[in-house]
Amino acid sequence: MVPFLDLVRQYRPLRQEIKSAVERVLRSQRFVLGDEGRVLEKKIARKTGVKFAVGLASGSDALYVALWALGVGPGDEVITTPFTFFASSGAISRTGARPVFADIDERTFNLDPSQIASKITSRTKAIVPVHLFGLACDMDAIMVVAKKHGLFVVEDAAQAFGAESRGRQVGALGDIGCFSFYPTKNLGGAGDGGMLVTSSPQWAKKAVLMRDHGSQTKYRHEFIGMNSRLDELQAAVLLVKLKYLERWNAQRRAIARRYTEVFKDLPLQTPFVPKGHDPTFHLYSVLTKKRDALSRFLAKKGIASSVYYPSPLHLQPCYRGLGYHPGDFPVSERTAKEILALPMFPELSRPETGRVLAAVREFFRS
Ligand SMILES: *Cc1c(COP(=O)(O)O)cnc(C)c1O
């Protein structure tokens, strides 16, 4: 069996280190808003090149808190991609604003900057570009549109921690960047977790109050906030894993290079990496009209594969009220039908990668 992802392999060599980090938190009996979280915030702010980082309970909450801090709410519109995980638009809806979708680029699967302008109205307040599968969006183009129309930009970097665009880390390219530490993400905790990063003291402060019921001083509430903290156990585990992230991302890139090199003669669209981009390959997805047959063929050979995402967000039942129809976003809809993610994680062995390569080749030769 070649697994799609195997977190046990990542844990095994780190077991002692993680256990002692967890033990340190248990001994302190300080579980919420303590030193572990503060140190992690500092390290992540430094790594991404921003002034502030705020730990939150999940990536979904990071997106919500970011939009809220920017003043996005009922009556506003926020432009995003329909080809992403639900949380990207779910966070927009939770603020009371309306998600407005724009189609993706067929090679990068990311928001197509040229599709944004026609979606802007007097109610548009922000853009949420999603760095899908770990590849940064064309942020230069997106920031030009945003500046021209006075819009905020909140990066959904949940799949892209450590990805770079022209030497700059994602999360630091817009107004606020959001990360997820969900266990399957490139930097994953032992449960839910998230963080937002920004260089604005004002938005960072709002997020700090928001995650703690709008309170700075105990029992004094400036506004109605929420409970959304990154807990100390998560932060301790993440501090251990952060040390290995660069190595893991390099291993992912090496596997991706090998896949792409061998697939280049096949009738298969492989991940496109625009010049100046250094993606993290959270997922390695190919495109083929024979997607379902390929997936079944791989399964028979004991190779796992998976579809991200089978249904674009504008066609989700919960968004019926937005008035979208099949055919509104042809690139997203076609991609959803043809995309297939292959096994991708740092510990995937060379023989395993070889088996995937051989099986995919065999499928297209037969
Ligand atoms: C995982 C993910 C999120 C949400 O993160 P959680 O920590 O699971 O809440 C948001 N956007 C994208 C693109 C994601 O992949």
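Q: Does Gly71 count as buried, partly exposed or exposed, and at what relative accessibility?
A: In this predicted model, Gly71 sits in the loop between H4 and strand S2 (77-80). Buried means under 20% relative accessible area and exposed means over 50%. The value for Gly71 is 38%, so Gly71 counts as partly exposed.

Q: Which residues is Gly71 in contact with, leaving aside its neighbours within four places in sequence?
A: Gly71 belongs to the loop between H4 and S2. Contact means heavy atoms within 4.5 Å. Leaving aside neighbours within four places in sequence, the residues in contact with Gly71 are Asp76 and Lys125.

Q: What distance separates the C-alpha atoms of Gly71 and Phe152?
A: Along the chain, Gly71 and Phe152 are 81 residues apart. In space, their C-alpha atoms are separated by 9.9 Å.

Q: Is Gln29 buried or exposed?
A: Gln29 lies in the loop between H2 and H3. Its phi is near 55°, a positive value in a residue other than glycine. Exposed means over 50% relative accessible area. Gln29 has 54% relative accessibility and therefore counts as exposed.

Q: Is Phe281 buried or exposed?
A: Phe281 is placed in the loop between strand S10 (277-278) and strand S11 (284-287). Phi of Phe281 is near 45°, a positive value in a residue other than glycine. The cut-off for buried is under 20% relative accessible area. With a relative accessible area of 10%, Phe281 is buried.

Q: Which residues does a cis peptide bond join?
A: The loop between H10 and helix H11 (330-338) contains Tyr309. The cis bond has an omega of about 5°, and the residues joined are Tyr308 and Tyr309.

Q: Which helix supplies the largest share of the largest nonpolar core?
A: The largest nonpolar core has 48 residues, and those with the most contacts inside it are Leu40, Ile44, Ile116, Val170, Phe179, Phe181 and Leu187. Elements that each supply at least two residues of this core include helix H2 (15-28), helix H3 (35-48), strand S9 (194-198) and helix H8 (232-242). The largest share is seven residues, and the helix that supplies it is H8.

Q: Which residues of helix H8 does Leu187 touch?
A: Leu187 is among the residues with the most contacts inside the largest nonpolar core. Not counting residues up to four places away in sequence, Leu187 touches Ile44, Phe161, Ser180, Phe181, Tyr182, Leu238, Lys241, Leu242 and Leu245. Helix H8 spans 232-242. The residues on the list that fall in this range are Leu238, Lys241 and Leu242.

Q: How many residues are in the second, separate core?
A: The second core includes Val54, Ala66, Leu67 and Ala207. Ala207 is also one of the buried residues of helix H7 (residues 201-210). The buried residues of H7 pack against strand S1 (52-56), helix H4 (59-69), strand S5 (152-156), strand S8 (176-180) and S9. The number of residues in the second core is 26.

Q: Is H3 roughly parallel or oblique to H8?
A: The axes of H3 and H8 come within 8 Å and cross at roughly 40°. Angles under 35 degrees count as roughly parallel. The angle between H3 and H8 therefore makes the pair oblique.

Q: How many nonpolar, polar and charged residues are in the contact of H3 with H8?
A: From H3, the contact includes Leu40 and Ile44, and from H8, it includes Leu238 and Leu242. Charged residues take part too, among them Asp35, Glu36 and Lys43 of H3. By class, the contact has eight nonpolar, one polar and five charged residues.

Q: Is H9 roughly parallel or oblique to H12?
A: The axes of H9 and H12 come within 10 Å and cross at roughly 25°. H9 passes H12 in a right-handed crossing. The cut-off for roughly parallel is under 35 degrees. The angle therefore makes H9 and H12 roughly parallel.

Q: Are H10 and H12 roughly antiparallel or oblique to each other?
A: Helix H10 (residues 291-300) and helix H12 (residues 350-365) pack at about 130°, with axes 10 Å apart. Roughly antiparallel requires an angle over 145 degrees. H10 and H12 are therefore oblique.

Terms used: Residues are numbered from 1 along each chain as its sequence is written. This is a predicted model: local features need pLDDT of at least 70, side-chain atom pairs count only at pLDDT 80 or more; totals for chains, interfaces and linings use all residues. Side-chain values use heavy atoms; hydrogens and water are left out. A nonpolar core is a set of buried Ala, Val, Leu, Ile, Met, Phe, Trp, Tyr and Cys residues joined through side-chain atoms within 4.5 Å. Buried means under 20% relative accessible area, exposed over 50%, partly exposed in between (1.4 Å probe, protein chains only). Helices (H or I, at least four residues) and strands (E, at least two) are DSSP runs, numbered from the N terminus. Axes are lines fitted to C-alpha atoms, for helices over the stretch in contact, and angles run from 0 to 180 degrees between N-to-C directions. Angles under 35 degrees count as roughly parallel, over 145 as roughly antiparallel, 65 to 115 as roughly perpendicular and the rest as oblique. Ala, Val, Leu, Ile, Met, Phe, Trp, Tyr, Cys and Pro count as nonpolar, Asp, Glu, Lys and Arg as charged, and the others, Gly among them, as polar. A crossing is left-handed if the near helix is turned anticlockwise from the far one by less than a right angle, and right-handed if clockwise.
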